[in-house]
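Please look over the structure shown below. The questions that follow go through its make-up, and each answer is reasoned out before the value or name is given.

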Amino acid sequence: MTTYRTSPLGAFPKIGAIFAILCLGSVAAAVVQGAAPAGLSVNETCLACHGDKDAKGADGRSIAVEGTMFGRSVHGEMHLKCTDCHSDVSVQKLPHPEKLKPVACANCHEKEAKEYSATVHGMARQGGNIIAATCSDCHGAHDIKRAKDPTSRTNHVNLEATCGKCHGNDAMVKSAKLPGGNIVSQFHDSIHGRALTGAAAASAPTCTNCHGAHSILPKSDPESTTNRAKIPDTCGNCHKQERAQFAKSLHGQLRQEGNLAAPGCNDCHSAHRIQRHDLPIFQTQVINECGNCHADYLSTYRDTFHGQVTALGYSRVATCASCHGSHEILPASNPASTVAPQNRLKTCRKCHAGATANFANYDPHANRHDRARNPPYYYAAAFMDWLLIGVFGFFGIHTLLWFVRSLRTRLARRTDPGNTEEKH
């Protein structure tokens, strides 16, 4: 990494301390008197005051700049002068005004600035939200480094922490009413977040893979990568095989017809809490996600042995995906469907190796209230209902009558003068 060559300390690494002691005081004195010290560069002149780690402005905030740190930044490598960014400062007119104009990054980064202005952050700033993220919140100020630098705030593995300064800060989330709550903590515990801390960190997705960098748009915007209509394509950038399967499925076809009520990736997997699909907790809980749309089928599934066992948290029995598939779900009328009549036995045999054709006639969604679908089940269930009502009704009345009889007997004993049993 190239060190900034005009820093007063960086320029003389062996005598930096001596230089600072002997010269810094005289330089600062010259600045206070309103003249740029002769022989010093612009940056050395600025660092005469701002190089003091204890330097503070009138409002008490630090205005210190570490010369070495700036020298190692991307701007330091390019030998930019302080006045290239702080354009309303002239070293010929010092001291400069206490309040300076905000740095205009757009002077050099026009494309990125234009993109930012249309983003959710940029629009929030334009609407008067002064705490919405700006360039320096993500990139830093005097320590900006290239994204490929492992220590850069915008390096792939560091973006979670950078975005987390706002979206992972509970106080900030509450005060700014940020949508989704503390989404960074949710992401951190997800399969993507855990991958970022492991061997696959370089390929694991992070915030910008889904939301973009300078083009972050609200999900309500049709052009946003997180818009409901575009979620399958966004996830498909990494999960290409699953995207292809989904496109051919019933859900994918409904979406292609414009029916956005049909589920997409985040409806089943969530947005920031995505878990491994082979974990028992995911396999048993995703059934409830299916039930958000297919409430009747979930209800009838829960009546079965499979449904009751999965409700206890066990995943070694059939779930929705075990029979219907996950990304390639097709209607039973489609010959390629795993639940089509000609494929049902094969599907059952994935778990029940010795299953017969008669076994495959089992109805996994038998509805005890639907007489047309399964008359024997309907009448058997009705018989059991009336049997239970009759049994409990008969013995309930019997118990009540027996209670009345025993109560009358006790009262009669108390009023009988010849009954000595109650008296003793």
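**Questions on the predicted model**

Pro 95 lies in the loop between helix H5 (82-85) and H6, in a model that is predicted.

Q: Which residue precedes Pro 95 across a peptide bond that is cis?
A: Most residues other than glycine have a negative phi, and most peptide bonds are trans. In the loop between helix H5 (82-85) and H6, where Pro 95 lies, the bond leading into this proline is instead cis, with omega near 0 degrees. The residue on the other side of that bond is Leu 94.

Q: What is the phi of Ser 270, and where is this residue placed?
A: Ser 270 is partly exposed, at 25% relative accessibility. Ser 270 is not a glycine, although its phi is positive. Its place is in the loop between H17 and H18, and its phi is about 75 degrees.

Q: What is the phi of His 79?
A: His 79 has its place in the loop between H4 and H5, and at 37% relative accessibility it counts as partly exposed. His 79 is a residue other than glycine, yet its phi is positive, near 60 degrees.

Q: How many helices and how many strands does the protein chain have?
A: The chain has 424 residues, of which 26% count as buried. Among its contacts between residues at least 6 apart in sequence, 44% join residues at least 24 apart. The secondary structure of this chain comes to zero strands and 23 helices.

Q: What distance does helix H18 reach from its first C-alpha to its last?
A: Helix H18 covers residues 280-291, which makes twelve residues. At 1.5 Å a residue the expected value is 16 Å, and the model comes close to it. The reach from the first C-alpha to the last is 18 Å.

Q: Which helices do the buried residues of H18 pack against?
A: The residues of H18 that count as buried are Phe 282, Thr 284, Val 286, Ile 287 and Gly 291. Their packing partners are helix H17 (265-269), helix H19 (295-302), helix H20 (305-311) and helix H21 (320-324).

Q: Is Thr 284 buried or exposed, and what is its relative accessible area?
A: Thr 284 is found in helix H18. Leaving aside its neighbours within four places in sequence, Thr 284 is in contact with Arg 302, Thr 310, Gly 313, Tyr 314 and Ser 315. Because buried means under 20% relative accessible area, Thr 284 counts as buried, with a value of 10%.

Q: Which backbone oxygens does the side chain of Thr 284 reach?
A: The side chain of Thr 284, a residue found in helix H18, reaches one backbone oxygen at 2.9 Å, that of Pro 280. The side chain also reaches another at 3.4 Å, and this backbone oxygen belongs to Ile 281.

Q: Which residue does Arg 146 meet in a salt bridge?
A: Side chains of opposite charge can pair when their charged atoms come close. The structure holds eleven salt bridges, and in one of them the side chain of Arg 146 takes part at 3.4 Å, N to O, with Glu 77. Arg 146 lies in the loop between helix H8 (135-139) and helix H9 (159-167) and its partner in helix H4 (residues 74-77), so the pair ties together parts that are 69 residues apart in sequence. Arg 146 is partly exposed at 42% relative accessible area, and so, at 23%, is the partner asked for, Glu 77.

Q: What is the N to O distance of the salt bridge between Glu 115 and Lys 111?
A: Both residues lie in helix H6 (residues 110-117), four residues apart, about one turn of the helix. Glu 115 is partly exposed, with a relative accessible area of 29%, whereas Lys 111 counts as exposed at 56%. Their side chains meet at 3.0 Å.

Q: What area does the nonpolar surface patch that includes Phe 392 have?
A: Phe 392 is found in helix H23 (residues 375-415) and is exposed, with a relative accessible area of 62%. The patch is made by Phe 392 together with Phe 383, Met 384, Leu 387, Leu 388, Val 391, Phe 394 and Phe 395. Its area is about 860 Å².

Conventions. Residues are numbered from 1 along each chain as its sequence is written. This is a predicted model: local features need pLDDT of at least 70, side-chain atom pairs count only at pLDDT 80 or more; totals for chains, interfaces and linings use all residues. Side-chain values use heavy atoms; hydrogens and water are left out. Helices (H or I, at least four residues) and strands (E, at least two) are DSSP runs, numbered from the N terminus. The expected span of a helix is 1.5 Å times one less than its number of residues. Buried means under 20% relative accessible area, exposed over 50%, partly exposed in between (1.4 Å probe, protein chains only). Contact means heavy atoms within 4.5 Å. A polar contact is a pair of N or O atoms within 3.5 Å; within protein, one must be able to donate a hydrogen and the other to accept it, and residues adjacent in sequence count only if both atoms are side-chain atoms. Patches are made of residues with over 30% relative accessible area and no salt bridge: like charges are joined within 9 Å, nonpolar side chains (Val, Leu, Ile, Met, Phe, Trp, Tyr) within 5 Å. Accessible areas come from the Shrake-Rupley method with a 1.4 Å probe; for residues, only the protein chains shown count as cover. A salt bridge is a side-chain nitrogen of Lys or Arg within 4 Å of a carboxyl oxygen of Asp or Glu.
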